[in-house]
Amino acid sequence: MRNEMYIADNLNFDASLPWVFTMHNEEELISVVTAFIPSKKEIELMGITHPGHRRNGYFSILEKQVYETWDKHNIPSLLYVLNEDSH
């Protein structure tokens with residue numbers, strides 16, 4: 001299965017907000033969550049974790065980092081974007 005993420009901040013309403021959250025194992029990228037923030041009203045999250053590193057809580061750790069940003073900026077809605085092939 002192949003997954004793709006849109007990696008650009010040009011559509012976020014505030015370019016100063018953090019929008020890419022990553023987890024590494026030494027030099028290997030093992031999990032990433034991106035936040036698309038088109039307005040002050042909504043964050044859309046999409047995450048991918050390397051298949052060999054799933055079920056270790058990495059997405060949850062990154063999700064918590066997004067929540068901290070979300071709370072700090074009082075954005076009222078959070079939407080999870082799922083690939084139709086995701087399990």
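Visitor: Leaving aside its neighbours within four places in sequence, which residues is isoleucine 43 in contact with?

Guide: In this predicted model, isoleucine 43 is in contact with Ala35, Phe36 and Ile37, and also with Trp70, Ile75, Ser77, Leu78 and Leu79. Contact here asks for heavy atoms within 4.5 Å, and residues up to four places away in sequence have been set aside for isoleucine 43.

Visitor: Which residues touch the most other members of the largest nonpolar core?

Guide: The largest nonpolar core has 15 residues, and those that touch the most other members are Ala35, Ile37, Ile43, Leu45 and Ile75. The elements that give two or more residues to this core are the strands β1, β2 (28–39) and β3 (42–49), together with the helix α1 (58–72). Among the contributors, β2 provides the largest share, with 4 residues.

Visitor: How should I read the overall plan, and in what order do the elements of the protein chain run?

Guide: The secondary structure of the protein chain comes to 1 helix and 4 strands, and from the N terminus on the elements follow the order β-β-β-α-β. Of the 87 residues in the protein chain, 29% count as buried. If you look at contacts between residues at least 6 apart in sequence, 53% of them join residues at least 24 apart. The accessible surface of the protein chain comes to about 6200 Å², and 50% of this surface belongs to carbon and sulfur atoms.

Visitor: Which strands stand at the edges of the sheet?

Guide: The general idea is that strands of a sheet pair through backbone hydrogen bonds, either parallel or antiparallel. In this structure, 4 strands form an open sheet in the order β1-β2-β3-β4, with mixed pairing. The strands β1 and β4 (77–80) stand at the edges and have a single partner strand each, so one side of each is left without a neighbour in the sheet. From one strand to the next, the twist averages 20°.

Visitor: In what sense do β1 and β2 pair, and over how many bridges?

Guide: β1 and β2 pair in the antiparallel sense over 6 bridges, and in this pairing threonine 22 stands opposite valine 32 in β2. By contrast, β3 and β4 run parallel and are joined by 4 bridges; here glutamate 42 has serine 77 in β4 as its bridge partner.

Visitor: What should I look for in the turn between β1 and β2?

Guide: The two strands form a hairpin with 2 residues between them, and the residue to find is glutamate 26, which belongs to the loop between β1 and β2. The phi of glutamate 26 is near 60°, a positive value in a residue other than glycine. Exposed means over 50% relative accessible area, and glutamate 26, with 73%, is therefore exposed. You can read arginine 55 in a similar way: this residue is found in the loop between β3 and α1, and its phi, near 65°, is a positive value in a residue other than glycine. Arginine 55 counts as exposed because its relative accessibility is 83%.

Visitor: Is threonine 49 buried or exposed?

Guide: Buried means under 20% relative accessible area, and threonine 49 is buried because its value is 13%. Its place is in strand β3. Not counting residues up to four places away in sequence, threonine 49 touches Ile30, Ser31, Arg54, Tyr58 and Phe59. Take serine 31 from this list: threonine 49 and serine 31 are 18 residues apart in sequence, yet 4.1 Å apart in space, C-alpha to C-alpha. Their side chains are joined by a polar contact of 2.8 Å.

Visitor: Which backbone atom does the side chain of asparagine 12 reach?

Guide: Asparagine 12 lies in the segment before β1 (20–25), and its side chain reaches the backbone nitrogen of isoleucine 37 at 2.7 Å. With the same cut-off of under 20% in mind, asparagine 12 counts as buried because its relative accessibility is 9%. Apart from its neighbours within four places in sequence, asparagine 12 is in contact with Trp19, Ala35, Phe36, Ile37 and Pro38. Two of these names, Ala35 and Ile37, have come up before, as they are among the residues that touch the most other members of the largest nonpolar core.

Notes
Residues numbered from 1 in each chain as written. Predicted model: local features only at pLDDT ≥ 70, side-chain atom pairs only at ≥ 80, totals over all residues. Heavy atoms only, no water. Buried < 20%, exposed > 50% of the residue type's maximum accessible area, 1.4 Å probe, protein only. Polar contact = N/O pair within 3.5 Å; in protein donor to acceptor, adjacent residues only side chain to side chain. Areas by Shrake-Rupley, 256 points an atom, 1.4 Å probe, with all protein chains shown as cover. Core = buried A, V, L, I, M, F, W, Y, C linked by side-chain atoms within 4.5 Å. Pairing = 2+ DSSP bridges. Axes fitted to C-alpha atoms, helices over the stretch in contact; angles between N-to-C directions.
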